[in-house]
Amino acid sequence: MLCPLKKRVCLVINAHSTASRICVRPGAPQQQFVSNDSNNKSMDKNALVSTDWNPIQRLAAAVLNAAESTFIGALEKNHPLPKTVDPQVQISGNFAPVSESPVKKELQVVGTIPECLQGVYVRNGANPRFEPSAGHHLFDGDGMIHAVGFKEGRASYCCRFTRTHRLSQEEKNGRAIFPKPIGELHGHSGSARLLLFLARSLFGLLDPSKGTGVANAGLIFFNRRLLAMSEDDLPYAVRVTEDAELKTLGRFDFDGQLKSSMIAHPKIDPETGELFALSYDVIKKPYLKYFLFHPDGTKGPDVTISLKEPTMMHDFAITKNYVVVPDQQIVVRPLEMVCGGSPAIYEKQKIPRFGVLPRYDSDESRMKWIHVPDSFCFHFWNAWEDGEEIVVIGSCMTPPDSIFNESDQPLRSHLSEIRLNTKAGTSSRREIAPLNLEAGQINRNYVGRKTQYAYLSILEPWPKVSGIAKVDLQAKGSSPEERIAGKIIYKEGCYGGEPFFVPRTSDPSAAEDDGYVLTFMHNETNCSSELLILDARSSNLDIVASVKLPSRVPYGFHGTFLSSDDLANQIDQ
């Protein structure tokens, strides 16, 4: 089923950012869009007609293609694209896509790769395979994983598309034929594109029954599988080799147990090994479900969580005994497209609330909802129990609707501590640090438990990452500036992405920050990309080693690390 809203929120292109040039280094693979221009000699003019179609399907394809280029095209030309969905803005500079790169070994390393790094770092991102024919948002792109392998001080690199059913069908057709949920599905033209999609499905010109997702947001290693995820579909299983080669195994439904989509930020309890997740639907009830998987992959029951209307829900949190679910101000009303509007609505009168539910309950009867004003959080970094309170650490963004709508107000991301008193039903929120902090990680051995440090991207100037901050979450009484326990600011013209913390040792008595931070960085001046390995304990997040990459790595989303044991224990089912 196609959802009229792309259900994910990660890094957002600023409505006022300007397009920048795309650098091309000799030998570096750059994405070559398949053009929609009929004069393009490199594209077969019959590429949009499958040889498997019968005469009726061929006629239907010709009629629908004509309707798209004339009627829908005319609707879209009458409405200039806002910068939030303008391809010239959304996929410019180092947000532009690249082609796949086969494994490159023996990469140049400046410094020494720590001995404990034996495995593969993988990071997901949006990388459109085909040139957009209309509006396009960064989150609409096809999923591509970039991988850096480490073995005995040497490094290798590879990047591959996640081979979703959507991508495979579009490659067969030679163009983008699935609607782009954020870039295209708004207003009257969005309604027309949705009808076009349904018509093509009716005539068998495309098959949405095996999913329409792009798997471009999250990555998690669970039950001996790497899963690539986006909220609009089931996850995809991907196999990784020790030299960083990537192979999509297919859409993964946990052996038939998962019947609905799964959000891109499931949580793994480090002590029990269980995976906790949500699934939300913007078309039909129940709009939200919560469930868990046991370490052996066996699924628990779906717990329906009652909502008045569909709500955007990109992330949530767990503690040792509870699951914390946000119900925030971005709601989804698909019928708004019929009236010429966007289905994603910022409901200003709605007060955000957080639901707290014992995490092993089989129904929502003991869910406690607590209102938390001014707390629109896209990402939650951790949560834990503190007496009668649940402490939630998240980044609260303002204004919330700037993801979809142009705004004169700059988008800010406030790292916050939210306290939920489950007995009194009250809440409080305080800002932890003064910087614009978003995508990041904690030591994942502390998920659901009290943690001291978070490693977060410094999004200044938004949406580019100009550095990384190590924040002391327990520095009570200190000024906001003093809560920054470590910081690295990249040199001029260099920007990066999400930091990922890798512990140096499995020793449970080791310090929480005993490890390294991995992150990609791109130099926009000379168009070179590298992977940085930072000392997580140092006040300057000192660079321990830098892996020079053979091609450009676009700015992306979320990642994880697979140890050598993880790699050896993978299964291909």
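**Sheets, loops and a pocket**

Me: Which order do the strands have in the open sheet of 5 strands, and what makes two of them partners?
Reply: The order is β1-β5-β4-β3-β32, with antiparallel pairing. Two strands pair if DSSP finds at least two bridges between them. Strands are DSSP runs of E with at least two residues, helices are runs of H or I with at least four, and both are numbered from the N terminus. This is a predicted model, in which local features need pLDDT of at least 70 and side-chain atom pairs count only at pLDDT 80 or more, while totals for chains, interfaces and linings use all residues. Residues are numbered from 1 along each chain as its sequence is written, and side-chain values use heavy atoms, with hydrogens and water left out.

Me: Why do β1 and β32 count as edges?
Reply: β1 (101-104) and β32 each have a single partner strand, so one side of each has no neighbour in the sheet. Neighbouring strands here are turned by 15 degrees against each other on average, direction ignored. For such angles, axes are lines fitted to C-alpha atoms (for helices over the stretch in contact), and values run from 0 to 180 degrees between N-to-C directions.

Me: How do you know that β4 pairs with both β3 and β5?
Reply: There are 8 bridges between β3 (residues 119-126) and β4, and 8 bridges between β4 and β5 (residues 154-161). Both counts meet the minimum of two, therefore both are pairs. I145 of β4 is the bridge partner of N124, and on the β5 side I145 is matched with R160. A147 has its partner in β5 as well, namely C158.

Me: Why is β4 described as largely enclosed?
Reply: Buried means under 20% relative accessible area, exposed over 50%, and partly exposed in between (1.4 Å probe, protein chains only). In β4 (residues 143-151), 8 of the 9 residues are buried, so the rest of the structure largely encloses the strand.

Me: What makes E152 exposed, and what is notable about its phi?
Reply: E152 has 57% relative accessibility and therefore counts as exposed. E152 sits in the loop between β4 and β5, a hairpin with 2 residues between the strands. Its phi is near 50 degrees, a positive value in a residue other than glycine. Most residues other than glycine have a negative phi.

Me: Is A244 buried or exposed, and why?
Reply: A244 has 0% relative accessibility, which means that it counts as buried. A244 lies in the loop between β8 (236-240) and β9 and has a positive phi of about 85 degrees although it is not a glycine.

Me: Which sheet contains β8 and β9, and why do some of its strands stand at the edges?
Reply: β8 and β9 belong to an open sheet of 4 strands in the order β6-β7-β8-β9, with antiparallel pairing. β6 and β9 (246-251) have a single partner strand each, so each is left with one side without a neighbour. The average turn between neighbouring strands of this sheet is 30 degrees, direction ignored. Between β6 and β7 (residues 225-229) there are 5 bridges, and I220 is matched with L227 in β7.

Me: How do you know that the length of α4 fits its residue count?
Reply: The expected span of a helix is 1.5 Å times one less than its number of residues. Helix α4 (residues 187-202) has 16 residues and reaches 23 Å from its first C-alpha to its last, close to the expected 22 Å.

Me: What makes a space a pocket, and how much space does the largest pocket hold?
Reply: On a 1 Å grid over the protein atoms alone, a pocket is an open set of points with protein on both sides within 12 Å along at least five of seven lines, whereas in a cavity a 1.4 Å probe fits but cannot get out. A volume is the space filled by probe spheres set on the points, which are joined across faces, edges and corners. The largest pocket holds about 1,300 Å³. Its lining (residues with an atom within 4 Å of a point) has 50 residues, of which R444, N445, F500, T560 and F561 are the closest to the centre.

Me: Which bond before P286 is cis, and where does P286 lie?
Reply: The peptide bond from K285 to P286 is cis, with omega near -5 degrees. P286 lies in the loop between β11 (275-280) and β12 (288-293).
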